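This report was prepared for a reader at the bench who wishes to relate sequence to structure. Please have both at hand while reading.

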Amino acid sequence: MKDAVNDVDRPLDRPVRYLTPHPATWKNYSCCPWAKTIVAIDPETDSLVCCPVTCKRWGCPYCAARKIRKLAFLTNGAAPNRWIRLGVDPALYSGPREAWEKTSQQVPECCRLLRKMRTCEIEYLRVTELHQSGFPHYHALLRSGFIPQKQLSDTWARLTGAPVVWISKIDSTFSSFRYLVKYLTKLHKIEWTDRHVSYSKQFFREEDKEKLAFPEREITTRSDEHPWVWLLNRYANDEIGVDDNGCYHLPYDYCGTPGMYTRQDVGLPALKTEEKSTAVNRVQQQLLDESHGPDPRPQRAGYYEEGY
Ligand SMILES: [Zn+2]
């Protein structure tokens, strides 16, 4: 797990020196194309850093790779001991999207019911996977006490009409880290959701989450510009260090009139794609919210699930 931790976090003490991303050199850099900019005072070095605020969508290859690394690190720390596969019956829905909307919310409900019946800890991380037909099914890693296959199968069937469930104990040779990476990396963009992964509140260890958290920083500037454009328009002739987090360490506080470079000048795609995808996401969110509707089951508020 050393790799995952080192890859994901913590600025280097002395960042490698690079020239500001310039039209001639932008290919040497990688960054989320849809990132925005904040400038903050780094508490560890007390210096100004320009940080990309990345889009964090699964549809963004840069962000997806980082999300997978973080999830893999957190999941290994969570020490799951079972994995299950929850089926979906395509015959019951008009299409894959309806199937996902109706069944994905039953995963936390299924765990809540089992928790009540088994009176043991049941925490989970679930990943959506698509069949060739486009219909979803779910894989979940559990940290739980014993659950009889039949009880799990019956509970899932009661909630979704699909009784086919597979459960397996994780032994010492099983690497949840590799398992998760395997499933997530073969996951293609799902048209109707960006919530490919969700997990129960207690699944990850607090101390692991803390390791991945950014230290609190005092923000001095926010900009909708991409960090490369922001930097190039202010520090075109300076050497800017970039750390492992992709944050640029500024040599001085800029004052003056920024240049006129554009996204195209640093090789970034035009913003139209982002606007379109944000609009789609908004519609999806709305649909999802409406599909949940007023909830007749009072306990539903009692569980908690986070998306990823
Ligand atoms: Zn991104």
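Which side chain meets that of Lys209 in a salt bridge? In this predicted model, the partner is Glu206, with an N to O distance of 3.4 Å.

## Salt bridges

Both Lys209 and Glu206 belong to helix H7, which spans residues 206-212. They are 3 residues apart there, about one turn of the helix. Lys209 is partly exposed, at 28% relative accessibility, and Glu206 is likewise classed as partly exposed, with a value of 47%.

A further salt bridge joins the side chains of Asp208 and Lys211, at 3.8 Å from N to O. These two residues are also 3 apart in helix H7, which means that about one helical turn separates them. Asp208 is buried, its relative accessibility being 2%, whereas Lys211 is partly exposed at 43%. Asp208 and Lys211 also take part in a network of salt bridges that links them with Arg205 and Glu207.

Glu225 forms a salt bridge with Arg234, and the closest N and O atoms of this pair are 3.6 Å apart. Glu225 is partly exposed, with a relative accessible area of 28%. Arg234 has a relative accessible area of 17% and is therefore counted as buried, since the class covers values under 20%. The count for the model comes to 11 salt bridges, among them the three pairs tabulated here.

| Pair | Distance, N to O |
|---|---|
| Lys209 and Glu206 | 3.4 Å |
| Asp208 and Lys211 | 3.8 Å |
| Glu225 and Arg234 | 3.6 Å |

## The zinc site

Which atoms coordinate the zinc ion? The donors are the SG atoms of Cys32, Cys55, Cys60 and Cys63, at 2.2 to 2.4 Å. The angles among these 4 donor atoms run from 106 to 114 degrees, and the site is tetrahedral. Along the sequence, the donor residues follow the spacing C-x22-C-x4-C-x2-C. Two of the donors may be set side by side with regard to accessibility: Cys55 is partly exposed at 22%, while Cys60 is buried at 0%.

## Other cysteines

How many disulfides does the count give? The count comes to 0. The sulfur of Cys51 has its closest cysteine sulfur in Cys247, at 3.4 Å; this is too far for a bond, because a disulfide requires the two sulfur atoms to lie within 2.5 Å. Cys51 is buried, with a relative accessible area of 2%. Cys111 is in no disulfide either, the nearest cysteine sulfur being that of Cys110, 5.7 Å away. Cys111 is buried as well, at 5% relative accessible area.

## Strand pairing

Strand S2, made up of residues 36-41, pairs with strand S3, residues 48-53, in the antiparallel sense over 6 bridges. One of the facing residues is Ile41, whose bridge partner in S3 is Leu48. S2 and S3 form a hairpin with 6 residues between them. In the turn of this hairpin, Asp46 has a positive phi of about 60 degrees.

Strand S2 is also joined to strand S9, residues 218-223, by 5 bridges, and S2 and S9 run antiparallel. In this pairing Ala40 stands opposite Ile219 of S9. Strand S2 thus has antiparallel pairings with both S3 and S9.

How values were computed
Residues are numbered from 1 along each chain as its sequence is written. This is a predicted model: local features need pLDDT of at least 70, side-chain atom pairs count only at pLDDT 80 or more; totals for chains, interfaces and linings use all residues. Side-chain values use heavy atoms; hydrogens and water are left out. Two strands pair if DSSP finds at least two bridges between them. Helices (H or I, at least four residues) and strands (E, at least two) are DSSP runs, numbered from the N terminus. A salt bridge is a side-chain nitrogen of Lys or Arg within 4 Å of a carboxyl oxygen of Asp or Glu. Buried means under 20% relative accessible area, exposed over 50%, partly exposed in between (1.4 Å probe, protein chains only). Donors are N, O and S atoms within 2.8 Å of the metal (3.2 Å for Na, K and Ca); water is not among the atoms, so sites may look incomplete. Four donors count as tetrahedral if all angles lie between 85 and 135 degrees; four count as square planar and six as octahedral if opposite donors are over 155 degrees apart and all others between 65 and 115; anything else is irregular.
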